[in-house]
Amino acid sequence: MSSDREFVFTANDFAHVQKLIYEHAGISLSEQKNDLVYSRLAKRLRKHKIHRFDTYLQLLDNTDHPEWEEFINALTTNLTSFFRENHHFTRLSRHLKDNYARASTDKPIKIWCAASSTGEEPYSIAMTVASAFGKLNPPVKILATDLDTQVLAKAEKGIYQFDTIDKLSSLQKEHFFLKGNGAQAGQVMIRPELKSLITFNQLNLLSNWPMKGKFDFIFCRNVMIYFDKATQYKLLEDFSKHLNKGGLLFVGHSESFPEASRIFKLDKQTVYVRC
Ligand SMILES: C[S@@+](CC[C@H](N)C(=O)[O-])C[C@H]1O[C@@H](n2cnc3c(N)ncnc32)[C@H](O)[C@@H]1O
């Protein structure tokens, strides 16, 4: 523990945080995350005018305490961007054109974006489907979920700084975004038609999922990396139950699951096909 820290944060406190976030969100925090945990939770201690981590963590003994939401939000890592790992969107587009050209609104294509963070990923999916069908109202329903309520609120707003769409083509910018004026200068907003393709909901991947029907595509990228092997495997089994046969599961660039070969066939580059 470094002595010049503003708050008392012992090895026991860190172990306590590790246990709570693992049990609640499946996130395994390594010892190297000590400083990160300190700096992210220090803001919460300041807010409550508490000087010791053990006192702060006592608030969480009550599982209904509103601080639980803030604790989870503070410890999730939400890095994302539009068309991150672009080859997945190229693959999605090709698969849609080859297999779903006749899809209709009576039986829409169903896509689940299972760790949607601030929305760039589900909006990239929506843009890809809209482009593949050449219209802003393609036959698709996208469910976007995340554990963190703060990022979901930003996602639902669909407002971003202009520089976040730097790498998009002029056509994409024009078709899918509205430019802010006056107080909103420097910002862009997702077009309402595109937004209406997506439903945002909070969902903990570790909880029982309420969805009954199956999906054609699931994106679960750059979150399973924070989970241990047993949790990853359980999730992969659950994803397979929620995917139609031949459906695609997209995972993050550094996530590899050779143990899933019984239920998924690795297509290529982190795209798995439901057997
Ligand atoms: C690094 S971001 C990845 C965002 C996006 N999928 C991408 O690849 O750009 C990880 C997201 O997973 C969410 N997350 C972490 N644990 C979760 C859990 N148990 N259930 C659902 N979402 C979780 C975090 O809140 C965060 O928004």
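Author: Buried here means under 20% relative accessible area. Also, keep in mind that this is a predicted model.

Reader: Fine. Are Tyr123 and Tyr160 buried or exposed?
Author: That cut-off applies to each of these two tyrosines. Tyr123 sits in helix H6 (residues 120-133) and Tyr160 in strand S3 (residues 159-161). Whichever of the two you pick, Tyr123 or Tyr160, the label is buried.

Reader: Which kind of ring pair do Tyr123 and Tyr160 make?
Author: By the pairing rule, the structure has 20 aromatic pairs. For Tyr123 and Tyr160, the ring centres are 6.2 Å apart, inside the 6.5 Å limit for a pair. Their planes meet at 80 degrees, and over 60 is the cut-off that matters, so the pair is edge-to-face.

Reader: And how far apart along the chain are those two tyrosines?
Author: The Tyr123 and Tyr160 pair links distant parts of the chain, one partner in helix H6 and the other in strand S3. In sequence, the separation is 37 residues.

Reader: Which kind of pair do Phe219 and Phe250 form, then?
Author: Here the ring centres of Phe219 and Phe250 are 4.2 Å apart. The planes are at 15 degrees, which is under the 30 degree cut-off, so this pair is stacked.

Reader: Which strands does the pair of Phe219 and Phe250 tie together?
Author: Both rings are tucked away: Phe219 is buried at 0% relative accessible area, and Phe250 is buried at 0% too. The parts they tie together are 31 residues apart in sequence. Phe219 belongs to residues 215-220 and Phe250 to residues 243-251, so the strands are S7 and S8.

Reader: Why is there no disulfide partner for Cys113?
Author: A disulfide is a covalent bond between the sulfur atoms of two cysteines. Cys113 is buried, at 0% relative accessibility. To count, the sulfurs would have to be within 2.5 Å, but the closest cysteine sulfur to Cys113, in Cys220, is too far for a bond because it lies at 8.6 Å.

Reader: What about Cys275: how far is its sulfur from the closest cysteine sulfur?
Author: Cys275 is partly exposed, with 41% relative accessibility. Its closest cysteine sulfur is in Cys220, but that is too far for a bond, at 18 Å.

Reader: How many disulfides does the structure hold overall?
Author: Cys113 and Cys275 each have their closest cysteine sulfur too far away for a bond. For the structure, the disulfide count is 0.

Reader: On to the largest pocket. What is its volume, and which residues are closest to its centre?
Author: The largest pocket has a volume of about 480 Å³. It is lined by 27 residues, and the ones closest to the centre are Thr76, Thr77, Asn222, Val223 and Tyr226.

Reader: Which domains supply at least three residues each to that lining?
Author: By class, the lining of the largest pocket has 14 nonpolar, 8 polar and 5 charged residues. At least three residues come from each of two domains: domain 1 (11-75) and domain 2 (87-274).

Reader: One last spot: how far apart are the C-alpha atoms of Val273 and Gly247?
Author: Val273 is part of strand S10 (residues 271-274). At 16% relative accessibility, it is under the 20% cut-off, so Val273 counts as buried. Val273 and Gly247 are 26 residues apart along the chain, yet their C-alpha atoms are separated by 5.8 Å.

Technical notes
Residues are numbered from 1 along each chain as its sequence is written. This is a predicted model: local features need pLDDT of at least 70, side-chain atom pairs count only at pLDDT 80 or more; totals for chains, interfaces and linings use all residues. Side-chain values use heavy atoms; hydrogens and water are left out. On a 1 Å grid over the protein atoms alone, a cavity is a set of points where a 1.4 Å probe fits but cannot get out, and a pocket is an open set with protein on both sides within 12 Å along at least five of seven lines; lining residues have an atom within 4 Å of a point. Grid points are joined across faces, edges and corners, and a volume is the space filled by probe spheres set on the points. Ala, Val, Leu, Ile, Met, Phe, Trp, Tyr, Cys and Pro count as nonpolar, Asp, Glu, Lys and Arg as charged, and the others, Gly among them, as polar. Domain bounds come from an automatic or database domain assignment. Buried means under 20% relative accessible area, exposed over 50%, partly exposed in between (1.4 Å probe, protein chains only). Rings of Phe, Tyr and Trp (its six-membered ring) pair if their centres lie within 6.5 Å; planes under 30 degrees apart count as stacked, over 60 as edge-to-face and the rest as tilted. Helices (H or I, at least four residues) and strands (E, at least two) are DSSP runs, numbered from the N terminus.
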